[in-house]
Amino acid sequence: MRKLALSAAFAALLAGPALATELTIEVAGEGANGTIVIDMADDVAPQHVAQIAKLAKEGAYDGVVFHRVIDGFMAQTGDVQYGKLGGDMRRAGMGGSDLPDLKAEFSDLPFERGVVGMARSQNPDSANSQFFIMFAPGYFLNGQYTVVGHVVKGMDVVDKIKRGQGQNGAVIGKPDVMTKVTVSE
């Protein structure tokens, strides 16, 4: 019954009117080339969406790589401190931004294919700038990570993001990069 309720909540989010904030990501690289559009869940995670929007408006995400990509699971990006293309990729994924970490905004929305969630450390209140896009459902994340939106255009681009290796999904060589990230409200 709980799974049915979660699916209904996610379906309502998808079927509802367009959310106020939309994130557009231009991606380039060895794997993916194209545009990803994400409807941000301002009503579900307002503080997280506001932080992502602020960073996007400042251009902080431009040139940031997809540093952790696990086939059949997710693609992670958004390390504006250490994840810039041309930087020391061994540190990518360890940083955040100059903005404060955020208190968790967990919801009942399930981690379905195309859902965007905030990355964090073991501390639930440690999300900052990094986020991930799901390749496939990951229900074990439900209620453990903040859902910030879902892909409405460009899942074909997401599916082509260069995969990493090993259990941690570290990308070897030149990772795919978010060349330009814009936000509209």
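Isoleucine 25 stands opposite valine 181 in strand E9. The two strands concerned, E1 and E9, run antiparallel and are joined by 7 bridges. Strands pair here if DSSP finds at least two bridges between them. Helices (H or I, at least four residues) and strands (E, at least two) are DSSP runs, numbered from the N terminus.

The structure is a predicted model, in which local features need pLDDT of at least 70, side-chain atom pairs count only at pLDDT 80 or more, and totals for chains, interfaces and linings use all residues. Residues are numbered from 1 along each chain as its sequence is written, and side-chain values use heavy atoms, with hydrogens and water left out. The pLDDT is the predictor's confidence in each residue, from 0 to 100. Its mean over the protein is 90, and 89% of the residues reach 70 or more. Residues 1-19 stay under 50. For this stretch the model has 21 contacts beyond four places in sequence, where contact means heavy atoms within 4.5 Å.

The protein has 3 helices and 9 strands. From the N terminus on, the elements run α-β-β-α-β-β-β-β-β-β-α-β. Among contacts with a separation of 6 or more, 67% are between residues 24 or more positions apart. Buried residues make up 50% of the 185 residues. Buried means under 20% relative accessible area, exposed means over 50%, and partly exposed lies in between (1.4 Å probe, protein chains only).

An open sheet of 9 strands has the order E3-E9-E1-E2-E8-E6-E7-E5-E4, with antiparallel pairing. Strand E3 (64-65) and strand E4 (68-70) are its edges, and each pairs on one side only. Strands of a sheet pair through backbone hydrogen bonds, either parallel or antiparallel.

Strand E1 also pairs with E2. This pairing is antiparallel and spans 7 bridges. A hairpin of 5 residues joins E1 to E2. Glutamate 26 of the pair stands opposite threonine 35 in E2. Alanine 28 is found in E1 too. Alanine 28 counts as partly exposed, because its relative accessibility is 24%. Leaving aside neighbours within four places in sequence, alanine 28 is in contact with Asn33, Asp176, Val177 and Thr179. Its C-alpha is 9.5 Å from that of lysine 180, although the two are 152 residues apart in sequence.

Strand E7 (residues 131-134) pairs with strand E6 (residues 115-118) in the antiparallel sense over 3 bridges. Glycine 117 stands opposite phenylalanine 132 in E7. The bridge partner of methionine 118 is phenylalanine 131. Strand E5 (residues 74-77) is joined to E7 by 4 bridges, and these strands also run antiparallel. Alanine 75 stands opposite isoleucine 133 in E7. Both faces of E7 are covered. Phe131 and Ile133 lie on one side, Phe132 and Met134 on the other, and all are buried.

Helix H2 (residues 46-57) lies across strand E1 (21-28), strand E2 (34-40), E6, strand E8 (147-153) and strand E9 (177-184). It runs at about 115° to E9. Axes are lines fitted to C-alpha atoms, for helices over the stretch in contact, and angles run from 0 to 180 degrees between N-to-C directions.

The largest nonpolar core has 36 residues. A nonpolar core is a set of buried Ala, Val, Leu, Ile, Met, Phe, Trp, Tyr and Cys residues joined through side-chain atoms within 4.5 Å. Leu23, Ile25, Ile36, Ile38 and Tyr61 have the most contacts inside the largest core. E1, E2, H2, E6, E7, E8, helix H3 (155-159) and E9 each supply at least two of its residues. H2 gives the largest share, 5 residues. A second, separate core of 11 residues includes Ile70, Leu109, Ala119 and Met134. Beyond its neighbours within four places in sequence, isoleucine 36 touches residues including Leu23, Ile25, Ile133, Val151 and Val158.

Asparagine 142 is found in the loop between E7 and E8. Asparagine 142 counts as buried because its relative accessible area is 17%. A polar atom of its side chain lies 2.8 Å from the backbone nitrogen of phenylalanine 111. The C-alpha atoms of asparagine 142 and proline 110 are separated by 5.5 Å, with these positions 32 residues apart along the chain counted as their distance apart.

Technical notes
Polar contact = N/O pair within 3.5 Å; in protein donor to acceptor, adjacent residues only side chain to side chain.
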